[in-house]
Structures are given as structure tokens and as C-alpha cells.
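Student: Could you take me through one part of this protein slowly, and show me how that part sits within the rest of the chain?

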Amino acid sequence: MSETVLVTGGTGFVGTQIIYQLLQKGYSVKTTLRSLTSKSKVLDLLKMNGITALEGLSFVEADLSGDKHWAEAAAGCDYVLSVASPVFFTKPKDEHEMIRPAKEGIVRVLRAARDANVKRVVMTSNFGAVGFSNKKRNSVTTEADWTDPNEKGLSVYEKSKLLAEQAAWTFIKNEGGRLEFATINPVAILGPSLSAHVSGSFGILEHLLDGSMKAVPHIPLNIVDVRDVADLHIRAMTHPGANGQRFIASADGQITMPQIANLLKLKVPDLAGKVATKTLPSGVLHLAALFNGQAREASLLLRINRNVSNSKAKSLLGWTPVASNEEAVLASVRSMIQYGIVK
């Protein structure tokens, strides 16, 4: 009999890719949806992407904001991949409206997993919990680093993910019992999508392609392909040495936003007619940060150390990112074309 894995957030960009890979590997999969009306959507996208044997996939209606059905979701599972995050369609006026559900949601999942005797939970955290306070240019950012929750320019989303991860580690330490735990901390996630539901990082490409970014800031980025993120989750789920560890998910090296702009002009010229040719001087961005919250977030991205190490995932889990930064960008654009996000 195959092992059973619960994947929270079955309609999400990362969640669907994880389900796809788990089914390919022969696991039985449960997934949570905020509404079972989305069940047909998940089944259809898997069929469209070549998964025909769907007998091993089941669905449970559960929301991170409440306890209902979480015990049922975790029951009989060997592993839990906690991918889902609380959903906000508008930015809350009070940051605690985003932070509290994020913290309570992961603790709710961990408690259900512990009570169901699940072996291990792997949480999708993010790089915002790791490297947004390291501004030493000659250093290397590793999983040992933590972002300061009070970092100026840290977005509410990044802060909520950071505090949720800290809440998870606290729960494991104080109440986890025999439950094993690990986190995956991805940088900006791009790559091919199985549906029109894409990650927030696609916004960078969308703003470049639609011309709304009038000048391109010289911000360096770390990128990871969603296929590599899913692979790393599954490796961390089963590897004996992954318990109690964090893993940065990042392709090798980095890429700047002007390099992305030039890549789009070179590889998809028919779409890149509106991509800005001007670069935004860093000094202008730092000055704007004194007056504008969005500019403060961009200024922080400009200042943080981008020498990000992925060696821990490679050496401990045998993980190798299959997609380069450039490949992840171009795969994203192909998906944006496929699903009508850009035309």
C-alpha cells in the first residue's frame, strides 16, 4: 500500500505542482480545499497535464481560519505538506489581520497532524523569513539566518510568513510530541503553471510586459522554479536527515530585473514591445522610500544580500535545481501566454 500525504491548498500554484509530482511517484494524496466546488478544477487540470489515474486523490473541505474538518484531513496520513496560506483579496489596514490567521493556521495544521500520529510535517515558509535582514554584501545567506520582524520595508505578507514559521517551531518544541517538522523557504517562485493560478512573483513579469513599469529598478533577485520547489518538499518529507531543518529553495546564482527585461526582449520580442528600456537609479528608489511604503519594500529588496546558499538542500537531500533563472522566467511567460495572463 502506498503512503498517504495530505497537501493543504490543493488549488494553489505550488500545491498543484506538489500533488502532480506525488501522484506521479505513486503516493495516495489528500488535499484540502476551502470549498469542494473547486474539486472539479483540480481534477481537470491534472487530467490536462497527463495524470489519468486519479483514484489515489481525495478531497477534504477545510479552511485555515477554523478547526472544522482538520482532524478528518489528517486522519490516516503519513505526511503533511502544509502549503496553504490564509487568503486576502485586499491588503488589511491592520497588519495583525494577516499575521494572526497565518500563525493560527499553521498551528492548527500541526496540532491536527500531531493528534493523527502523522510522521512529519513540511511547511512552506519563504525566504522572507530568512534573509531580509542580512545586508552584508560579502556574506552568504543560509538557513541559519532569520529576518528581523521589525525590519523597515518588510512587507506584511513577508512578516506574516516569518512569524508563522516562528510559531510553528515554537509549537514543535513545546507541544509537538513525536511529530517531525521541516520548512522549505523559497525565494521568488516562477516556472510553468498547471493552471491560471500563478504565484505573486509573476507580477514582476506582468508589470514588465504590460508597460506599467516605466523604468526598471536595478534590483537583483533570487528565483526558483516551482517544479524544483515541489521536488524539494517531497525530498524533505522523506529524508531521515531533514527533520528539524530549514531548506532554502533557490536556483543557482541571481538575476537582476534589467537582465530579466533584456531576456524578455531577446526571447519573446513579440510580447516585449512595452518593456521599459530605462533603468531606475537606485538613489531615486531609496529617496522615494522615505515617503512611500511600496518604495520602502523595493528599497529593502535592493539592499539585502543576494549571495544565497542552496548548498544545504543539495548536500543533505541530494536536490539539484533543474531550472536556471532564465529557464524559470521563460517557462513562466509561456504559462502566462497559455492562460491568457498576457497577450
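**A close look at helix 1 and its surroundings**

Tutor: Happy to! Let's begin with the charges: the chain has 39 positive and 31 negative ones, and their mean positions are 4 Å apart. Keep in mind throughout that this is a predicted model.

Now for the whole chain, before we zoom in. There are 12 helices and 13 strands. The C-alpha atoms fill a box of roughly 55 × 45 × 40 Å along the principal axes. For 343 residues, a compact globule would have a radius of gyration near 20 Å, and the chain agrees, because its own value is 20 Å. Buried residues make up 54% of the 343. Of the contacts with a separation of 6 or more, 78% join residues 24 or more positions apart. As for the outside, the chain exposes about 15,500 Å², with carbon and sulfur atoms supplying 51% of that area.

Let's move in on helix 1, which covers residues 13-24. Its 12 residues should span 16 Å at 1.5 Å a residue, and the end C-alpha atoms are 17 Å apart, so the two agree. This helix is mostly covered, with 11 of its 12 residues buried. Among them are Phe13, Val14, Gly15, Ile18, Tyr20 and Leu23. Here is a handy idea for looking at any such element: an α-helix has 3.6 residues a turn, so residues three or four places apart point the same way. Just after helix 1 comes Gly26, with a positive phi of about 90°.

What touches this helix? One partner is Val83, whose contacts include Val14, Gly15 and Ile18. These three are among the buried residues of helix 1. Val83 itself lies in the loop between strand 4 (79-82) and helix 4 (96-115). Although Val83 is in a loop, it counts as buried because its relative accessibility is 11%, and the cut-off for buried is under 20%. Val83 also contacts Val7, Thr8 and Thr124. By contrast, Ala53 is 30 residues from Val83 along the chain, and their C-alpha atoms are separated by 23 Å.

Two of those names, Val7 and Thr8, lead us on, for Thr32 touches them too. Thr32 is found in strand 2 (residues 28-33), and with a relative accessible area of 3% it is buried. Its contacts also include Leu6, Gly9, Gly10, Val60, Ala62, Trp70 and Ala73. Leu330 is 298 residues from Thr32 in sequence, with 30 Å between the two C-alpha atoms.

Trp70 takes us to helix 4, since Val109 touches Trp70 and has its place in that helix. Val109 also touches Leu64, Val80 and Ser82. At 4% relative accessibility, Val109 counts as buried. Its C-alpha is 9.4 Å from that of Ala73, which is 36 residues apart from it in sequence.

Now turn to strand 3, where you will find Glu61. Its relative accessibility is 33%, so Glu61 counts as partly exposed. Glu61 touches Leu33, Arg34, Ser35, Leu36, Lys68 and His69. The C-alpha atoms of Glu61 and Arg34 are separated by 5.6 Å, with their positions 27 residues apart along the chain.

His69, one of the residues that Glu61 touches, deserves a stop of its own. It is found in the loop between strand 3 (57-61) and helix 3 (70-74), and at 31% relative accessibility it counts as partly exposed. Its phi is near 75°, a positive value in a residue other than glycine. Why point that out? Most residues other than glycine have a negative phi. Asn117 also has a positive phi, about 60°, although it is not a glycine. This residue sits in the loop between helix 4 and strand 5 (120-124), and it is exposed, with a relative accessible area of 62%.

Finally, compare helix 1 with helix 5, which has 20 residues (156-175) and reaches 27 Å from its first C-alpha to its last, close to the 28 Å expected. Just after helix 5, Gly177 takes a positive phi of about 60°, while Gly26 has its positive phi just after helix 1.

How values were computed: Residues numbered from 1 in each chain as written. Predicted model: local features only at pLDDT ≥ 70, side-chain atom pairs only at ≥ 80, totals over all residues. Heavy atoms only, no water. Helix = DSSP H or I, 4+ residues; strand = E, 2+ residues; numbered from the N terminus. Rg over C-alpha atoms; globule rule 2.2 N^0.38 Å. Buried < 20%, exposed > 50% of the residue type's maximum accessible area, 1.4 Å probe, protein only. Contact = heavy atoms within 4.5 Å. Areas by Shrake-Rupley, 256 points an atom, 1.4 Å probe, with all protein chains shown as cover. Lys, Arg positive; Asp, Glu negative; His and termini not counted. Charge placed at Lys NZ, Arg CZ, Asp CG, Glu CD. Expected span 1.5 Å × (residues − 1).
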